[in-house]
Each structure stands twice: as structure tokens, then as C-alpha cells.
Amino acid sequence: MIAVTRYCIVLLLFIYTFSSAYAQNSRRDLQAVRTQSPPYINGLIDDEQWENVSMATGFHQYEPHNDRAASHETYVKVLYDDDALYIAARMFDPEPEKILTELGPRDSNSNINADLFWVDINPFDDGINGFRFMVSASGVQTDINMSGAGGSRGDINWDAVWISAVNIDETGWTVEMKIPYSALRFPRGDVQQWGINFWREIRRTREQSSWNFVNRRVGDPLATMGLLTGIEGITPPVRLAFFPYVSAYLEKNGGEKGWGRSSVAGMDVKYGISNSFTMDMTLIPDFGQVQSDERVLNLTPYEVKYDENRQFFTEGTELFGKADIFYSRRIGSRPLGYSRAHEALEEHEVVMENPLENRMINATKISGRTSGGLGLGFFNAMTAASRATLRDTLSGDTRSITTQPFTNYNVMVADQSLKNNSFVSLINTNVSGAADGYNANVSGTEFRLMDASNMFRISGSAALSQQYYEGADNNFGYKYDITAGKVGGTWQYTYNRMVLSDTYDPNDLGFLSFNNLVMDKVAFSYNIFDPFWRLWNLRNEIAINYNRLHNPDTFTGFNIGYNLRALFDTRFFILFRADYRPLGNRDYFEPRVPGRYYETDDAFDLFLMYSSDYRKRIYVDGDFSYSSILSEYDQQEYGFDVRPTLRISDQWNMTYGLRYAGVENDIGWVGHSAEGDVIHFGMRNNDTFTNTLRSAYIFNNNLSLDLSLRHYWSRVDYTGDYFLLENNGRLSPIEENLNVKDINYNAFTVDMILVWHFAPGSQLSLAWKNVIDSRGEQLMRSYFDNLRNTLEQPQINSLSVKLLYYLDYQRIRRAV
């Protein structure tokens, strides 16, 4: 740790000594003009309010040529009044008939084949926070909360209520936007100065350009915005909105006869506590129409991490991601004592009911940022007690046992923005009541320090976990992760050290696959940002990893890796990765017994990912992989993924995916004795097929139909070769046949949803979901025989309709 500290101090001195050589680009500014009456938003820019308004012109290319002007002229004008910001933009194009106009659902602009215009707004002008409002030439809206995200990522699940319209004419295309102040957070003050930048993408040439120049070698658009001036005399409005909803369900579960009926009503509330802070609350939440999990067969000792698809937990949660200690899927997950129902069975008893999920009562999050750059967040959720019902088959008597008591979840975070797009943050998570007398607490920090050029960076995180049972000693654990180096320019280099103690456990409200790790990594990369030959950009990277256990301090692995990323002028993209482990590997987790390890010989991995030109009617994404452990057992793993997409029209697209992963002579844990002194491994062949079909039909900007079908099939065939794990980590063959059962696992899901946005912020949705989860011991050799058998298994069918309506306080007040 002392060595790391010294390294950081030296690097900081280096950064601040030479940062003057990388002075930031000068900022451009644009004056907004107050209007007494709002323009009519129809995409034509023909209202008199737009006359004699200053224009933002002279766009610079971001891609492909970062050193020259945009190929086609663009101008932007900005008006404002007491309620909203108004933006008008004209994108000149000498070939307007070639402007691409594919339709898509809301928030899909990064995936559709259409020209784009967007504006990035940072009311705090701190280089870290911001909001993106994007409109396609076909009129599709996308909004992204980029606060604290860095780069061009952000929270695409954030949905604001704003208005836009587009028009295509003989000189190009135009867009008008109305962004109410209720969609923004900004500091209180008589005079406002906001960070702003305007962007345009010409899809057929993939040229991106911006009004304020953004250096792709540094690569953070939030850090290089222009300045919007002239806004005076506005005050943050009362931001209060209600989203009441009502849902109705028809469901059939498993082998039950007939369909069950249910309904639920609830409400989401958004309230602007102050000019910069917002409270979001969901009362009696309903997640019945959420996308199904992509379930897999797990043969590893690690937990599978599934994506969070519930909108309340994906929207506006960027602050709560600090230090990587918050995983919202813990809330409303399977009760911790789920298996207790079967363990508590007495003679003649059966389990009548055992809930698979804890029922969430409500959830609240409060977040915002002060004018001084201090971001604050608070999150709370509560789940009701879960109880299983047991019945005596002789007497008919029933009794209940608690599988998880009432549980309270809390997250608190503070994030301070610093100069040069730097920040430092503190975060705490707490879970109480998950078990009688149990409390789990994790406190963490995350920071990023940049020099004035944004070329050099030191970043890191640290956390302390604490688990407490009443009457027992606290169980403490810790982690830290620090990275330092040059992250901009042609030559880049970083050093990373990560330490996870053997007692660090954030999993009550976080996610960690394993702990007990010390990793040191150095990486060097050479980047070409300017187009040459047939390439638009190129990145080469060499990385070296050296891993040890934290306790005891012993070697686990050494890895040398090479990465290549290349984008061609045809928009064909490849990513190639090669890894070699010359010293083999010591796996302390696969044996499932503390202190024991499984040692393998040297190995290598190869991976190639490709993506073709999305502008074509048919384009293909996919990858190939191959891995081998160079041992006497000839262990190999290979696979491919191919996903062709057919763009049938500007309204209809369809993607089929086929992924295959095969493992030959895989050797893994199959069992151990109660004392842990005898550990058995078995050889197996594993074939996994995943077929997916995704399609979207867009009737118009407000009405869309989406289909997602997935069939996952994995079969595990044990060869009959078994081994004893020796104390030195090696395997010794045994004659005994352990008769480990083969596995034939299928997961089949269908998600189809029709969504109609009948008014701003309001929608009506009709959904059908079908779920089959089947695991057996009889291997199926034919794909179609297996599919036929899967469709005959018990399944869950759900038909639902949900009406959600947006009620804005300001609109209600004006109406009254």
C-alpha cells in the first residue's frame, strides 16, 4: 500500500508539472434570447420569434476527421421564457432525398438508421453532469441523464417530458424542441450560464460533428461544452408530477386449470424538493410487464448476475452506482430463508405456498446537486415479510413459517464535483431485518482526479463491509481499487491495483462474484484517431495481470493479454483479444472447500467480435471464441455468435441470433465429503445453444409493437471419468463411478408488448409473457425433439394491460 501511495504522489506531481502543455480548447458561447410568446413547435422554424436570434454555426467534425470542419452547414438558435428552453436547428444537406429516416421506439436513436440532432445541457457547468435531448430525422425522441457518467454514456432509462417536431425539405431537415425547465435541474440565480453543445450525425456517412470542438483524443463530451448565456430572471418551477396507473392480469401458472384474474393500482410520484433536488416514489409498484430474465445454467461456484429491467431502479440512479456496492436486484429477490420451508417439513407435511420473491411495499429515491457541485442521494425500499404455508396431509392443518422478515434497504451518497472534471464521493448501504437480529452495512468512496488537459488521471474506489448478528462479533471486510496513468492521446498507459479482502462481502445490497483477491495490472496502448488507409480509428493494447490471494498471500494467476480494436471506412468493426496464462492457474473457489485449490496448466484464449455496417438493409453482428488448457486431458472451449438483422422497412426490423458454446473434456467439481477432506471432480461435455428472435414494428412515433423470443438449451453429459483432488491441487483418476446425473436444461421466454404513448408522459401497454423453465436428467440429442419436449412442460402465461397517466401540477394549476 505504501508503494502505491508513493506511485500516486509521483504521478500527481508529474501531472501538474506538465499539464500546461495540454491547455484546454477555448470555449464558444451562444446567447439565448427571451421571447414574450412561445413559438409553435411544428418543425418548420417559421414563427417570427426565431427572427434576429443569434445562431450557433461552424460545426467541427468529431468523426471521422477530428481536425476539420463539418461537411455540411448546421445552425442552431435558442429562445427561452419563464417556462422552457426552445431550440431550433437546421441541418443543410445537398441531397435531402438521402436523409435516413428509420423509425424506432422511444430511446432507440443509437440503434436506428436515421440522421440525428441532439443537444447536451449542463446547467451546473461542471464538466461532469448533464442532460441529452436527441431527435432523429424521423421524429424519434431519446433523452439521457448523463450526470456523473463520463464520456457519452449515461442513464438512457431516464425519461423526461418534452416536445419536438421535425421536417424534411429541399435544403435538408429541421427540428424544433421545447424543453420545459421541469425536465432540468439548475441552480437558483438571477443570471444563468449553462454548459451546452449541439451535435449532428449524418447517418449515411456516419459523420458526427459538434458546435463546440470536442477532442476525440480526450473523449469526454461533457468536459468540452460551449457556454449558453443570456438567460436571466428564471426560477426553477415547482416540479411535481403524478403517474397513477392501473393494471389487470390474466395468468395461468404451470399445470393449473383455468386462468386466474388479478388487478393492481398504484402511483409513481416525482417531486422537486428544491430547485436542484427531486424525490421519486413508487407506491404499490407493479413490475409484471418487465422484460424476462435471460436465465442460464450455472455450473460455477459464483452467483449469476442478471440485469435490472425495472424502470424505477434504472432511471435516475447514476449517483447510487458509486464504489460499485449497490445492486438493486437484491430488493424484491428470493427470500433468504426460501429453502427453510422444505427443511422445516415434518412427517406428512407438504409445502402449499412458498413465495419466490419478497413483495415490495414501496421505494423512494431523492437525488440532486447543489450550485456548489455537491450531489446528494438517498434511497429507501421496504419489502413485506414473506411466509411459507405448510399443510399436514392427514389432518389438513396448516401452519406458516417466515422465510424473510420485513426488510428495510437504505442507500446514502454524497458526490462533490471538483475542477478539471474531477470528483470525490462517499456512499453507504444498509440492510436491516433480513434475518432476526441481523444488520449489514457497507461504506465506500470513489474518486477521480484529472489534470487540466484531461490527459492524466488518478481514479479509484474503496469500501468497508460490516455484517452484524445480535450477540455476535462484527464481521468486517474491505476492498480498494486504484488506477493511475495517461488516458488521453496517442500513447496511453495505466497501472491498476485492486485488493479484495477474504472477509469483504457487500452482497446484502451489492454484487460481488468472489473476494480474496490481490490484482496488479499494467496496460499500454497505442491509439490512432485520424483516418488512414481504410481505417477510421485503431487501438492496440497490451496488458499484464498478476493475481494473488489476499489471505493467505499466495499466487493464483498470471496473464498476458493483447487487444485490437479497429473501425474501417465501411463501418465494419472488429475487436480481437488474445490472452495467455503461461504459469497456469490456481482456482481456490471451484473446490467449494476453504483452503483447497484446483491447479491447471498453462492456457490461452482467443476472441474475435465483428459488426458490419448498420446503414445496410441487412447487417450482421457476432463473434468467435476458442480456449484451450494445455494439459493431458485436451480441454477445449469454442463458440460462435451470429446475429443478422433485416431492416424490412423504416418501420419494421427483425434480428435473429444463434449462439453456440461447446466445452470438451471440461473438468469441474461434482461433490465433497461433509468434512471437506475428500473432493471429487468429474469430466463432462457441455453444449449450449441460444436462439433469439427480436422484432419491432413501429406504426408511428407513439405506437410500437415489440417481440422478444429466446430459447436457451444447455446439456451436460458426464463421461464417467472422475477424479480425486489432491492437496497439491492436481487431479488423480479414480475407478469409482460416482454416477453424477446428466443435465438437460431449457429456458424459453416470450415477451411481446404493444405500447401507445397517447399523450406526453402517458401510455397504454398490452403485454403477453410466456415463461418455461425446465431441468431434467435425460439428454436430448435432437434440437427439435428437445424444443417439442420443452413446449410440453408446465409454463407461465400472462396477459396484461396497463394504463399510466401523467398529471403535471403546473398544468393542473393553470387549468384551475
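These exercises work through charges, rings and contacts in a predicted model.

Local features need pLDDT of at least 70 and side-chain atom pairs count only at pLDDT 80 or more, while totals for chains, interfaces and linings use all residues. Residues are numbered from 1 along each chain as its sequence is written, and side-chain values use heavy atoms, with hydrogens and water left out.

**Exercise 1. Place Asp286 and account for its charge.**

Step 1. Locate the residue. Asp286 sits in the loop between strand E16 (277-283) and helix H2 (311-314). Helices (H or I, at least four residues) and strands (E, at least two) are DSSP runs, numbered from the N terminus.

Step 2. Check burial and pairing. Asp286 is buried and has no salt bridge. Buried means under 20% relative accessible area, exposed over 50%, and partly exposed in between (1.4 Å probe, protein chains only). A salt bridge needs a side-chain nitrogen of Lys or Arg within 4 Å of a carboxyl oxygen of Asp or Glu. The nearest side chain of opposite charge is Lys802, 4.4 Å away. For charge, Lys and Arg count as positive and Asp and Glu as negative; His and the chain ends are not counted.

Step 3. Find the polar partners. The Asp286 side chain makes a polar contact with the side chain of Ser247 at 2.8 Å. It also reaches the backbone nitrogen of Gly288 at 3.3 Å. A polar contact is a pair of N or O atoms within 3.5 Å; within protein, one must be able to donate a hydrogen and the other to accept it, and residues adjacent in sequence count only if both atoms are side-chain atoms.

Step 4. List the surroundings. Leaving aside neighbours within four places in sequence, Asp286 is in contact (heavy atoms within 4.5 Å) with Tyr245, Ser247, Tyr249, Val264 and Lys802.

**Exercise 2. Describe the setting of Asn408.**

Step 1. Asn408 lies in strand E22 (residues 407-418). Its relative accessibility is 17%, so Asn408 counts as buried.

Step 2. Its side chain joins that of Asn380 through a polar contact of 3.0 Å. Beyond four places in sequence, the contacts of Asn408 include Met382, Asn430 and Ser432.

**Exercise 3. Classify two ring pairs.**

Step 1. Set the test. Rings of Phe, Tyr and Trp (its six-membered ring) pair if their centres lie within 6.5 Å; planes under 30 degrees apart count as stacked, over 60 as edge-to-face and the rest as tilted. The whole structure holds 44 aromatic pairs.

Step 2. Tyr588 and Tyr597 have ring centres 5.0 Å apart and planes at 40 degrees, so this pair is tilted. Both residues are buried.

Step 3. Tyr697 and Phe699 have ring centres 4.8 Å apart and planes at 70 degrees, so this pair is edge-to-face. Tyr697 is partly exposed at 29%. Phe699 is partly exposed at 37%.

**Exercise 4. Compare the exposure of salt-bridge partners.**

Step 1. Recall the principle. Side chains of opposite charge can pair when their charged atoms come close. The search finds 40 salt bridges in the whole structure.

Step 2. Arg548 bridges to Asp553, with the closest N and O atoms 2.6 Å apart. Arg548 is partly exposed at 21%. Asp553 is exposed at 56%.

Step 3. Glu590 and Arg592 meet at 3.0 Å, N to O. Glu590 is buried at 9%, and Arg592 is partly exposed at 26%.

Step 4. Arg643 and Asp641 meet at 2.4 Å, N to O. Arg643 is partly exposed at 30%, whereas Asp641 is buried at 6%.
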